[in-house]
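Dear colleague,

Please find the structure below. My notes on one cavity and one strand follow it.

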Amino acid sequence: MRLPTMTVLSLSVLAALTLAGCSNSSTPANAPASSTSAPAPHQEGKNATSSAPLTSAALSKRLLNESDLGEGYTPKTADSAQHDDVTVLGCPALEKLGGDAAAGGSLNFPRQAKASFAYAGGSDSEVSEELYSDTAQKLSQGIAKIYDAMTSCPKYQVVSGSAPVEVTTQKVPTVQLGDERWSQLLTFTVGGRSSVVKQTAVRTGTIVVLVSGSPALVDAHVEKALDKARADR
C-alpha cells in the first residue's frame, strides 16, 4: 500500500533537517553511492552546464513535463502545508541538527524548481523531480551531507504531530551519470502499512537533479531528467 502523504512529508522533512547545518560543512569522506572523483563542471563536453548558477525561472524550464514522461502521467499540485513540530528519533546524525528547519519542506538552496506527477499506468504511483542550482562546491557538500545523514542509521523514527513513522534506509548503486551521484531506498511504515521510495540525485556542474518516487519510475526517468536539465538553452 502506498502512503503518499506521509512519504512526501517524511522525505521533505528529513531533507530540510539535514540541510539546516550544511552551508559551511565539508564533504563527508564516505558520500553514499557517489563517484570517487568529480571532474570540474567545464570538463563535461558538449553537454556542459554553465559555470554560473541558474535562476529558479531558468530551472523551471528544464523540468520534465507530461510530454517528456509519456502517457498516464498527471501533474500534481504542490503541497503548501507547513510541517511543524517534527522530531527525528533514533538517529544521532539527524537528531543533532534539530527540528527547527523542518517547516517548509524544501532543500536549502535558493535557486530551485519542482514538479510532481501521479502515474496511473497499472499501479497508482508517483514521481517527483526537483532541480537545484548553486556553485558546484556548495551543491556537492550539501547533497553529500543530506545523504550521509539520511543513510547513517539503517532505521529511525520520524514523529510529526501524533503520527510516528518508522523509516529504514539503504544505499543503492546508480548508473554513472553526471559529475556525482547518490541513490537510496527508503521504506516508510506507519500503522503496519509500508511504502518504498527511491531517491536518486545527480550533480552535473552547477545543477542537481533529484528524482524521487516509485523505484521503477525513478529508474525510468532519471537519465531523461538529467539530459533535459543540462541542455544548453
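At least two residues each of the lining of the second largest cavity come from β3 (111–119), β4 (125–133) and α6 (215–229); helices (H or I, at least four residues) and strands (E, at least two) are DSSP runs, numbered from the N terminus. With three residues, β4 gives the most.

The model is predicted: local features need pLDDT of at least 70 and side-chain atom pairs pLDDT 80 or more, while totals for chains, interfaces and linings use all residues. Residues are numbered from 1 along each chain as its sequence is written, and side-chain values use heavy atoms, without hydrogens and water.

A cavity here is a set of points, on a 1 Å grid over the protein atoms alone, where a 1.4 Å probe fits but cannot get out; lining residues have an atom within 4 Å of a point. Volume is the space filled by probe spheres set on the points, which are joined across faces, edges and corners. Two cavities of 30 Å³ or more are present, and the second largest holds about 50 Å³. Among its lining residues are Phe117, Glu129, Val211 and His221.

Val211 belongs to one face of β9, with Ile207, Val209 and Gly213, and these are all buried (under 20% relative accessible area, 1.4 Å probe, protein chains only). Seven of the seven residues of β9 (207–213) are buried, so the strand is largely enclosed by the rest of the structure.

β9 pairs antiparallel with β4 over seven bridges (pairing needs at least two DSSP bridges). Seven bridges also join β9 to β8 (193–204), again antiparallel. Val209 is the bridge partner of Leu131 and of Val202.

Regards

Technical notes
On a 1 Å grid over the protein atoms alone, a cavity is a set of points where a 1.4 Å probe fits but cannot get out, and a pocket is an open set with protein on both sides within 12 Å along at least five of seven lines; lining residues have an atom within 4 Å of a point. Buried means under 20% relative accessible area, exposed over 50%, partly exposed in between (1.4 Å probe, protein chains only).
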